[in-house]
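Work through the exercises below with the sequence and the 3D structure open. Each task is followed by its solution in steps.

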Amino acid sequence: MRCVANLVLLYRQVVRWAFHVLYHEFAWSYDFVAALVSRGYWQRWTAAALPELQGVTLELGAGPGHMQLALANRAATFGLDRSPTMLALAARRVRRAGATPRLMRADAAALPVCSAACATVFATFPSEYIVDPATQAEIRRVLMPGGRLVLVPFAELDAGWYQRLMALAYRLTLQFRPRADHPSDQGVSLTGSPAGTPERLELAGMVLYGRWVRVGASRVMVMVGTHGQEAYGTDL
């Protein structure tokens, strides 16, 4: 049993290393990989969050900058990422469109933002950092009363061989996806439909309600919570 546990730990470390390389040394390949795993829907999936964003908006994990480009005409939009390579790609993309990038290199667990400064904090397909208690506490701190937390946590391709292949890939790479009716030890609690589809998520001390949005031959989950609508039983 101890040997199995050590192998599992080693596998998790290898997966984390692979994602680190993708976000840093191989950041140039990120869009290709994202398009591959989403059958070309990735940018349309992330764009499903746009109608929910309002006021001073902070994006966690801005990546190669597609959402920053989509929001470039809004004066009060900022993006944050830990990867300097991703930030360089994002800045280049926004500048090519004739806009000014508003990007910061920082960790979501230590946001360089004043308290109660944001009307919206959002993240699309966040990794496990989003369930870190320090990240959750920072989200609560920077959101103004009545501010929104918007997440696009996952998407699904319509049934078929490609969908089954990608579902296997997600499991093998340990991608973050809350399980219905499965409370965690990191301040995350989820309830769902009878079929196990998440519709209500407790995160950062807030209740987020989700809805599916159809995107071509797929659907994407968009979840929105309001600071002030507290999630009872969440200990941060």
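**Exercise 1. Find the residue whose charge lies over the face of Trp 212, and give its distance from the ring centre.**

Step 1. The criterion is that NZ of Lys or CZ of Arg is within 6 Å of the ring centre and within 35 degrees of the ring normal.
Step 2. Arg 219 lies over the face of Trp 212, at 3.8 Å from the ring centre.
Step 3. Note the basis: this is a predicted model, in which local features need pLDDT of at least 70 and side-chain atom pairs count only at pLDDT 80 or more, while totals for chains, interfaces and linings use all residues. Residues are numbered from 1 along each chain as its sequence is written, and side-chain values use heavy atoms, with hydrogens and water left out.

**Exercise 2. Describe the aromatic pair of Trp 45 and Phe 125 and place both residues.**

Step 1. Rings of Phe, Tyr and Trp (its six-membered ring) pair if their centres lie within 6.5 Å; planes under 30 degrees apart count as stacked, over 60 as edge-to-face and the rest as tilted.
Step 2. The whole structure holds 5 aromatic pairs. In the pair of Trp 45 and Phe 125 the centres are 6.0 Å apart and the planes make 45°, a tilted arrangement.
Step 3. Trp 45 belongs to helix 3 (residues 42–47) and Phe 125 to the loop between strand 4 and helix 6, so the pair ties together parts 80 residues apart in sequence. Helices (H or I, at least four residues) and strands (E, at least two) are DSSP runs, numbered from the N terminus.
Step 4. Both Trp 45 and Phe 125 are buried (under 20% relative accessible area; 1.4 Å probe, protein chains only).
Step 5. Tyr 41 and Trp 42 join Trp 45 and Phe 125 in one aromatic cluster.

**Exercise 3. Decide whether Thr 46 is buried or exposed, and list what Thr 46 touches.**

Step 1. Thr 46 is in helix 3.
Step 2. Its relative accessibility is 5%, so Thr 46 counts as buried.
Step 3. Not counting residues up to four places away in sequence, Thr 46 touches Met 67, Thr 124 and Phe 125 (contact: heavy atoms within 4.5 Å).

**Exercise 4. Sort the side chains of strand 1 by direction, then identify its partners.**

Step 1. Thr 57 and Glu 59 point one way, Leu 58 and Leu 60 the other way, and all are buried.
Step 2. Strands pair if DSSP finds at least two bridges between them.
Step 3. Strand 1 runs parallel to strand 2 (residues 77–81), with 4 bridges; Leu 60 stands opposite Leu 80.
Step 4. Strand 1 also runs parallel to strand 4, with 3 bridges; here Leu 58 faces Val 121.

Definitions and conventions: Buried means under 20% relative accessible area, exposed over 50%, partly exposed in between (1.4 Å probe, protein chains only).
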